[in-house]
Amino acid sequence: MPPSSLHPKVYIRLLYDIVVFLCRLPFWLLHHSLAALQRRHREIGREYTAKREVPRFLPRLVALSASEDETSYHNLASDSEDEPLALIPPSPTHSTAHSPSIPPPPYHSLSSPPQHGPVSPPSPLVADEKPTPPPITPEPTTPTMSSKHFDPNPTHLLLTSLHSQTLTNPSLALDSQNKILYLRPSSKSSSQRVHLVSGGGAGHEPSFSGFVGTGLLSAAVSGTIFASPSAEQIRTCLFSRLPPSSETLVTVMNYTGDVLNFGLAVEKAKAAGKRVEMVIVGDDAAVGRTKGGKVGRRGVAGTVLVVKIAGALAKRGYKLDEVAKVARLVAGNLVSVGASLGRVHVPGRAVNKEEEGEKLGEDEVEIGMGIHNEAGVGREKMELKQLVGKMLRMMLDRNDKERNFVNVNSNEVVLLVNNLGGVSVLELGGIVAEVVKQLGEDWNIKPVRVLSGTYMTSLNGLGFSVSLLNVVNTDIGGPGMIELLDDECEATGWPAQISKLTWEERNQATREEDASNGEEVGESGLKVDAKAAQEVLTRGLETVVAAEPDVTRYDTIVGDGDCGIGLKRGAEAILRHLSSKPLTGDVVIDLANIIPVVEMEMDGTSGALYAIFLNALVAALRTTSQSEKEASAKVWAAVLRQSCEALSKYTPARPGDRTLVDALYPFVNTLEETGDVEKAAEAAVAGAEGTKGMKASLGRTVYIGGSGFEEVPDPGAWGLASFFQGLAGIKKLEEDSNGWEKL
């Protein structure tokens with residue numbers, strides 16, 4: 001029948017059916033979606049029994065679906081958001097504003113981050129009540145005490161902890177954006193000639209935020225938990241959070257990130273004309289010479305004695321050279337060893353299988369464990385007496401060639417027994433007594449000062465460390481180490497009271513100056529032909545860009561494949577800078593303008609190395625400009641040598657370690673000998689090629705493994721050698737067209 005002959009009621013019925021279908025369609029889709037969601041929930045419910053995580057939204061959605069097994073999950077969620085959900089972690093928040101008031105963490109209950117291991121679904125009942133077990137019988141799920149935190153949000157936790165220092169010591173102010181705690185401007189701090197700065201990763205409190213105060217540190221810079229602060233944070237501190245005309249001593253523990261980032265900031269300060277010295281402290285004796293290698297001893301709790309003695313000397317008005325000399329003298333006469341009954345848990349970090357497997361046995365102790373959860377030198381079952389005896393032998397046995405770092409032979413010895421964070425005061429007292437007893441009976445050492453307490457922690461580490469300071473003459477014609485150690489100070493982390501005067505002053509002054517690189521760089525008088533220099537530099541940078549594929553290939557074999565991209569990114573950024581701001585011919589001005597480009601565009605270890613080298617180069621050129629007016633090859637050779645020496649303070653890399661240094665040093669050496677840039681570039685290429693087959697001592701190649709290092713040169717060395725070839729105008733060496741396929 002043709003449509004035109006249909007009765008109107010048929011059209012109405014069809015229209016009605018269509019409307020009903022469209023109305024029912026969303027509900028049908030929702031029903032089937034919830035049914036599928038419930039089936040998926042049953043699957044992930046079993047998966048989460050191995051992850052100890054239950055998404056908060058799933059139980060509520062599943063309860064809406066009237067399908068099979070509904071009763072098994074209907075009561076999994078609380079009816080009120082105000083009631084705690086057992087084992088559900090609070091959502092992390094991030095509060096990084098520079099504000100005197102830090103909001104409280106938004107958590108519903110004292111809970112822990114997700115833990116590894118089976119878990120049953122949460123219930124609205126009290127946390128201590130056992131939930132109904134799922135089909136697969138779970139293992140015990142109660143979090144261990146070491147992985148529970150009142151505030152599991154690491155960002156919020158760090159900022160509130162720093163803010164608390166300003167509440168307990170009114171003389172302090174906080175730059176929360178840069179995580180810098182510093183002394184407020186006052187007559188006491190302004191009259192002091194030398195100011196001390198230290199810092200490092202958080203998690204070691206009271207080191208170092210708790211040591212900011214009169215007679216100790218003038219400022220401390222904090223990184224995130226167990227991570228170094230950035231060079232920019234430290235630079236901000238040196239340039240704008242200390243008295244403008246002050247001289248600065250920076251003390252840092254011997255860890256790669258700390259040394260590089262603090263070192264870069266120090267070199268930038270020197271390049272800007274500031275008087276800054278840096279002392280690196282390594283006092284750990286647990287890791288022997290062989291295992292420590294070029295890295296050397298780790299910095300641990302003995303570092304606080306360096307800070308205290310140097311801070312007291314600075315407070316007395318001594319010069320920077322004298323304060324730095326005594327600080328190095330203290331550092332060179334320190335020895336420490338730590339021990340722990342277990343690893344620590346970092347707030348906000350889930351416990352993984354590896355951490356679970358690394359737990360110490362019930363009666364085991366780990367000797368030599370570091371302050372960042374680093375493994376010690378061994379695990380043993382022993383009582384306190386035997387443990388203390390072994391730790392003292394590591395520090396004092398002159399026949400132990402691996403660990404006889406310090407000959408403790410002075411009539412005056414200082415003992416520091418440090419709590420790593422989780423040892424009770426009662427138990428720490430017993431440890432101190434045992435250490436003093438054995439020192440006297442077995443080693444005939446009677447400490448003239450015994451310091452005991454919490455000075456440098458590893459979060460809530462269940463362990464302690466013992467440090468010995470061999471007191472020697474300071475040779476400055478002034479106070480000795482003991483006298484300086486006894487000097488009063490005002491810091492919440494040191495056993496001393498804040499004075500009544502400080503409380504009554506109610507000092508509200510702050511430093512809000514904008515951090516900058518100092519005054520704009522003025523003319524140095526050390527000149528080159530600007531046009532020729534721009535052409536040469538452009539040619540060198542373009543050669544680096546062209547070499548990127550080779551460098552990337554090499555780094556793919558022996559590294560993580562990003563070296564070539566990093567070098568290319570830095571070279572292209574400098575080329576863009578040169579096109580918009582051509583060279584002036586004043587080498588100090590031109591190089592100082594290029595350095596920020598390198599620092600912004602080149603990251604990672606190589607970026608820090610290049611930045612340190614170039615900042616040191618500016619400082620050397622500035623000094624040379626006082627006696628030289630032309631940047632000849634001889635002048636460049638001399639300042640490059642000084643920059644190499646500055647770089648060597650912050651990295652143990654030397655020729656033969658398979659690093660960019662294998663190209664840098666031959667270039668500088670040959671330039672010094674011949675004054676010929678072309679010959680120097682050829683020496684750099686030879687040095688880079690010589691890294692083929694050379695086993696790496698530093699960098700990622702150390703643990704990559706394989707035999708690729710036998711076939712290709714070091715990527716960083718090859719990239720630098722390519723730059724030198726471009727500077728010299730040497731044609732790039734021809735590559736075998738089938739070279740990559742052979743590899």
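Which residue in β12 is the bridge partner of Ala-339? I looked this up as the opening entry and found Phe-464. The model I consulted is a predicted one.

**Entry 1. Confidence.** I recorded a mean pLDDT of 80 for the chain, with 76% of its residues at 70 or more. I then noted that pLDDT stays under 50 over residues 45-145, a stretch for which the model has 164 contacts beyond four places in sequence. Residues 733-743 also have a pLDDT below 50, and I found 12 contacts for them beyond near neighbours in sequence.

**Entry 2. The open sheet.** I traced an open sheet formed by 6 strands, in the order β9-β8-β7-β12-β10-β11, with mixed pairing. At its edges I found β9 (378-380) and β11 (449-453), each of which pairs on one side only. From one strand to the next, the twist averages 20 degrees.

**Entry 3. Strand β12 and its neighbours.** I asked how many of the residues of β12 are buried. The strand covers residues 463-470, and 8 of its 8 residues are buried. I noted that strands of a sheet pair through backbone hydrogen bonds, either parallel or antiparallel. With β7 (residues 334-340), β12 pairs in the antiparallel sense over 7 bridges. With β10 (residues 413-419), β12 is again joined by 7 bridges and runs antiparallel. On the β10 contact I looked up Asn-418, whose bridge partner in β12 is Ser-465.

**Entry 4. The two faces of β12.** I noted that in a regular strand the side chains alternate between the two faces of the sheet. In β12, Gly-463, Ser-465, Ser-467 and Leu-469 point one way. Phe-464, Val-466, Leu-468 and Asn-470 point the other way, and residues of both sets are buried.

**Entry 5. From β10 to β11.** I next followed β10 to β11 and found that they pair in the parallel sense over 5 bridges. Asn-418 appears here too, with Gly-453 as its bridge partner in β11. Helix α13 (residues 425-443) packs on the sheet and touches β10, β11 and β12. The direction of α13 makes about 150 degrees with that of β10.

**Entry 6. Strand β4.** I then turned to β4 (residues 219-225), which is mostly covered, with 6 of its 7 residues buried. Strand β2 (residues 180-183) is joined to β4 by 3 bridges, and the two run antiparallel. Opposite Tyr-182 I found Ala-219 in β4. Strand β3 (residues 194-202) pairs with β4 in the parallel sense over 5 bridges. For Gly-199, the bridge partner in β4 is Val-221.

**Entry 7. Helix α23.** Which helices do the buried residues of α23 pack against? I found α22 (661-674) and α25 (715-728). The buried residues of α23 are Ala-680, Ala-681, Ala-683, Ala-684, Val-685, Gly-687 and Ala-688. I noted for this list that an α-helix has 3.6 residues a turn, so residues three or four places apart point the same way. Helix α23 (residues 677-689) has 13 residues and reaches 18 Å from its first C-alpha to its last, close to the 18 Å expected at 1.5 Å a residue. At the start of α23, I found a side-chain oxygen of Asp-676 within 2.9 Å of the backbone nitrogen of Glu-678.

Conventions:
Residues are numbered from 1 along each chain as its sequence is written. Side-chain values use heavy atoms; hydrogens and water are left out. Buried means under 20% relative accessible area, exposed over 50%, partly exposed in between (1.4 Å probe, protein chains only). Helices (H or I, at least four residues) and strands (E, at least two) are DSSP runs, numbered from the N terminus. Two strands pair if DSSP finds at least two bridges between them. pLDDT is the predictor's confidence in each residue, from 0 to 100. Contact means heavy atoms within 4.5 Å. The expected span of a helix is 1.5 Å times one less than its number of residues. A polar contact is a pair of N or O atoms within 3.5 Å; within protein, one must be able to donate a hydrogen and the other to accept it, and residues adjacent in sequence count only if both atoms are side-chain atoms. Axes are lines fitted to C-alpha atoms, for helices over the stretch in contact, and angles run from 0 to 180 degrees between N-to-C directions.
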